[in-house]
Amino acid sequence: MQPITFSTSDASAEAKYSRPVRMDSWANAQSVIQVKVTGTVTWTIETSMDDPNSPTNPVAQGSMVWNDALDANLVNETSDKSGIFNLTPTFVRIKQIDGSGSVTATIAQFGNATF
């Protein structure tokens, strides 16, 4: 998977969420994520195993369960960080908990499906 970048900004009034990023179900499980902060913010990377597009078990986007990333480097942080997913979830997003700055994450998943 080519690296994908997603972001949030200005959560001074309420928490903000980035768009959900769909990971590759056919690629290897390992992924790396790098987070860049501008200004003063608190952020968490969230993951979900729910899939609104599943042909067998779709979950409405508003009903998806989001949990904090398993890598503690990616939970309740205030500065630039990097982290690893040993087991890649179906979706990933940023939760900007507070702050008027911005959070930008870039994620890359290793390997791809054989043809």
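This is a stop-by-stop tour of the structure, giving what to select and what is there. The model is a predicted one.

**Stop 1: the largest pocket**

Start with the largest pocket, whose volume is about 190 Å³. Select its lining: Thr47, Met49, Asp68, Ala69, Leu70, Asp71, Ile84, Phe85, Asn86, Leu87, Thr88 and Pro89. Color these residues by type. The lining splits into 7 nonpolar, 3 polar and 2 charged residues.

Keep Leu87 selected. Leu87 sits in the loop between strand 7 and strand 8. Is Leu87 buried or exposed? Leu87 is exposed, at 68% relative accessible area. Now add Ser31 and draw a C-alpha to C-alpha distance. Leu87 and Ser31 are 56 residues apart along the chain, yet their C-alpha atoms are separated by 7.9 Å.

Ala69 is another lining residue to keep on screen. Pair Ala69 with Glu46. These two are 23 residues apart along the chain, and 5.2 Å separates their C-alpha atoms. Glu46 comes back at Stop 3.

**Stop 2: a nonpolar patch on the surface**

Switch to a surface view. Select Val32, Ile84 and Phe110. These three form a nonpolar patch on the surface. Together they offer about 260 Å² of accessible area. Ile84 also belongs to the lining of the largest pocket.

Zoom in on Val32. Val32 lies in strand 4, which covers residues 31-38. Its relative accessible area is 32%, so Val32 is partly exposed.

**Stop 3: salt bridges**

Go back to sticks. How many salt bridges does the count come to? The count comes to 4 salt bridges. Three of them are visited here.

Begin with Glu46 and Arg93. Their side chains meet in a salt bridge, at 2.8 Å from N to O. Which parts of the chain does the pair link? Glu46 is in strand 5 and Arg93 is in strand 8 (residues 91-98), 47 residues apart, so the pair links distant parts of the chain. Check the cover on each side. Glu46 is buried, at 6% relative accessibility. Arg93 is buried too, with a relative accessible area of 14%.

Next, select Arg22 and Asp51. This salt bridge spans 3.1 Å, N to O. Arg22 lies in strand 3 (residues 21-22), while Asp51 lies in the loop between strand 5 (42-48) and strand 6, so the pair ties together parts 29 residues apart in sequence. Look at how each partner is covered. Arg22 is partly exposed, at 34% relative accessibility. Asp51 is buried, with a relative accessible area of 12%.

Finish with Lys81 and Glu77. Their side chains form a salt bridge at 3.6 Å, N to O. Lys81 counts as partly exposed, at 25% relative accessibility. Glu77 is buried, at 14% relative accessible area.

**Stop 4: two positive phi angles**

Show the backbone now. Most residues other than glycine have a negative phi. Two residues to look at here are Asp10 and Asn76.

Select Asp10. Asp10 is not a glycine, but its phi is positive, at about 45 degrees. Where does Asp10 sit? Asp10 is in the loop between strand 1 (4-9) and strand 2 (16-17). Asp10 is partly exposed, with a relative accessible area of 36%.

Move to Asn76. Its phi is also positive, near 50 degrees, in a residue other than glycine. Asn76 lies in the loop between strand 6 (67-68) and strand 7 (81-85). Is Asn76 buried or exposed? Asn76 counts as exposed, because its relative accessibility is 52% and the cut-off for exposed is over 50%.

**Stop 5: a long span**

End with Pro3. Pro3 is in the segment before strand 1. Pro3 is exposed, at 52% relative accessible area. Add Ser54 and draw the C-alpha to C-alpha line. Pro3 and Ser54 are 23 Å apart in space and 51 residues apart in sequence. Put that beside Leu87 and Ser31, 56 residues apart along the chain with C-alpha atoms separated by 7.9 Å.

Note on methods: Residues are numbered from 1 along each chain as its sequence is written. This is a predicted model: local features need pLDDT of at least 70, side-chain atom pairs count only at pLDDT 80 or more; totals for chains, interfaces and linings use all residues. Side-chain values use heavy atoms; hydrogens and water are left out. On a 1 Å grid over the protein atoms alone, a cavity is a set of points where a 1.4 Å probe fits but cannot get out, and a pocket is an open set with protein on both sides within 12 Å along at least five of seven lines; lining residues have an atom within 4 Å of a point. Grid points are joined across faces, edges and corners, and a volume is the space filled by probe spheres set on the points. Ala, Val, Leu, Ile, Met, Phe, Trp, Tyr, Cys and Pro count as nonpolar, Asp, Glu, Lys and Arg as charged, and the others, Gly among them, as polar. Patches are made of residues with over 30% relative accessible area and no salt bridge: like charges are joined within 9 Å, nonpolar side chains (Val, Leu, Ile, Met, Phe, Trp, Tyr) within 5 Å. Accessible areas come from the Shrake-Rupley method with a 1.4 Å probe; for residues, only the protein chains shown count as cover. Helices (H or I, at least four residues) and strands (E, at least two) are DSSP runs, numbered from the N terminus. Buried means under 20% relative accessible area, exposed over 50%, partly exposed in between (1.4 Å probe, protein chains only).
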